[in-house]
Structures are given as structure tokens and as C-alpha cells.
Amino acid sequence: MKKKYMLISLLVLVVTVAVVLLLPAEKKEIEVARGTCGENLTWVLGDAGTLTISGTGAMENYADKDDAPWYSRKDTIKTLVLENGVTSIGRNALYGCAGLTSVTIPDSVTTIGRYA
């Protein structure tokens with residue numbers, strides 16, 4: 001009887017270890033670039049293509065399509081995350097970001113500029 005419980009315990013342990021090892025680990029993006037994009041806004045671009053805008057207030061409006069500070073990396077941007085507190089997406093901010101497939105816009109955003 002004791003042998004049976006030890007065998008079951010060992011089996012449970014092996015299965016638990018296997019499940020933990022097989023589950024994909026959440027990979028944190030490595031920061032590629034960062035800067036400011038408004039008086040109280042910052043941006044961070046990760047190596048997996050996530051552009052995150054955080055802080056409070058309005059994003060700058062960019063006079064030309066290539067004025068956004070992340071424009072030189074526009075082809076790598078796949079996901080845009082605007083955190084709560086951001087109130088606008090600036091004019092020309094995402095112009096040319098053809099690979100963008102996911103956008104998160106919080107309720108705090110009330111204005112989206114032309115060609116954003």
C-alpha cells in the first residue's frame with residue numbers, strides 16, 4: 001500500500017514538472033528605443049515590435065510623416081499600446097506603420113489627429 005502511494009506521488013511530481021517545463025514562459029520584450037512624444041508622454045519600443053506610449057496628456061502633432069520619433073523604426077512596429085492617461089494620438093504619428101496589427105486605445109484618448 002505504501003509503495004502504491006509513493007508511486008502515485010512520484011507520478012504526480014513528474015507530471016507537474018513536465019507541465020511547468022512545457023508551458024511557454026512569458027517573454028518580456030527588450031527595449032530597443034525610447035524617448036518623449038509629448039510634454040508628459042514617453043514612448044518605448046520593444047524588440048518584438050510593441051510601441052508603448054505612457055504618461056499623461058496629449059501626444060505631439062507631427063508636421064510631416066517622418067517627424068514622429070519612432071519613424072525610422074516604423075517597419076518593426078506591430079503593436080501599439082496607449083496607456084491610460086494618454087489623451088490624444090498626434091497628427092502623422094503612425095504614418096507608414098504598415099505592419100501594425102494590434103492597437104490598444106484607452107478611454108482617456110479623446111482626439112486622433114489626421115493621418116495618425
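**Exercise 1. Arg34 and the salt bridges**

Determine whether Arg34 is buried or exposed, and work out which residue meets its side chain in a salt bridge.

*Solution.* Start with the accessibility of Arg34 in this predicted model: its relative accessible area is 51%, and because the cut-off for an exposed residue is over 50%, Arg34 counts as exposed. Next, look for the partner, which is Glu31, whose side chain meets that of Arg34 in a salt bridge with an N to O distance of 2.8 Å. Glu31 itself has a relative accessibility of 44% and is therefore classed as partly exposed.

The structure holds two salt bridges by the rule applied here, and another pair to examine is Lys74 with Asp75, where the closest N and O atoms are 3.9 Å apart. The two residues of this pair fall into opposite classes, since Lys74 is buried at 17% relative accessibility, whereas Asp75 is exposed at 62%.

**Exercise 2. The open sheet**

State in which order the strands of the five-stranded open sheet stand, and identify which strands lie at its edges.

*Solution.* The first step is to read the order, which is E1-E2-E3-E4-E6, with mixed pairing. The edges are then taken by strand E1 (31–38) and E6, and because each of them has a single partner strand, one side of each is left without a neighbour in the sheet. From one strand to the next, the twist averages 15°.

The pairings can now be followed one by one. E1 runs antiparallel to strand E2 (residues 41–46), to which six bridges join it, and within this pairing Ala33 has Leu45 of E2 as its bridge partner. The two strands form a hairpin, with two residues between them. E2 also pairs in the antiparallel sense with strand E3 (residues 50–55), here over five bridges, and Trp43 stands opposite Ile53 of E3. The hairpin of E2 and E3 has three residues between its strands, and in it Gly49 takes a positive phi near 95°.

For background, strands of a sheet pair through backbone hydrogen bonds, and the pairing can be parallel or antiparallel.

**Exercise 3. Positive phi outside glycine**

Locate Asn92 and Tyr115 in the chain, and decide for each whether it is buried or exposed.

*Solution.* A general expectation comes before the cases: most residues other than glycine have a negative phi. Asn92 has a positive phi near 65° although it is a residue other than glycine, and its place is the loop between strand E5 (88–89) and strand E6 (102–104). With a relative accessibility of 7%, Asn92 is buried.

Tyr115, also not a glycine, has a positive phi of about 60° and belongs to the segment after strand E7 (111–112). Its relative accessible area is 53%, so Tyr115 is exposed.

**Exercise 4. The surroundings of Ala116**

Find which residues Ala116 touches, leaving aside those up to four places away in sequence.

*Solution.* Begin with the position of Ala116, which lies in the segment after E7 and is partly exposed, with a relative accessible area of 27%. Its contacts are Ile89, Gly90, Asn92, Ala93, Leu94 and Tyr95, and Asn92 in this list is the buried loop residue of the previous exercise. A further relation in space involves Lys65, which is 51 residues from Ala116 in sequence, while the C-alpha atoms of the two are 9.1 Å apart.

**Exercise 5. The chain as a whole**

Give the number of helices and strands in the protein chain, the share of its residues that is buried, and the number of disulfides in the structure.

*Solution.* The chain contains one helix and seven strands, which follow one another along the sequence in the pattern α-β-β-β-β-β-β-β. Of its 116 residues, 28% are buried, and the accessible surface comes to about 7,900 Å², with 59% of it belonging to carbon and sulfur atoms. Turning to contacts between residues at least 6 apart in sequence, 40% of them join residues at least 24 apart.

The last step concerns cysteines: the structure holds zero disulfides, Cys37 is buried at 0% relative accessibility, and Cys97 is likewise buried, at 10%.

How values were computed
Residues are numbered from 1 along each chain as its sequence is written. This is a predicted model: local features need pLDDT of at least 70, side-chain atom pairs count only at pLDDT 80 or more; totals for chains, interfaces and linings use all residues. Side-chain values use heavy atoms; hydrogens and water are left out. Helices (H or I, at least four residues) and strands (E, at least two) are DSSP runs, numbered from the N terminus. Buried means under 20% relative accessible area, exposed over 50%, partly exposed in between (1.4 Å probe, protein chains only). Contact means heavy atoms within 4.5 Å. Accessible areas come from the Shrake-Rupley method with a 1.4 Å probe; for residues, only the protein chains shown count as cover. A disulfide is a pair of cysteine sulfur atoms within 2.5 Å. Two strands pair if DSSP finds at least two bridges between them. Axes are lines fitted to C-alpha atoms, for helices over the stretch in contact, and angles run from 0 to 180 degrees between N-to-C directions. A salt bridge is a side-chain nitrogen of Lys or Arg within 4 Å of a carboxyl oxygen of Asp or Glu.
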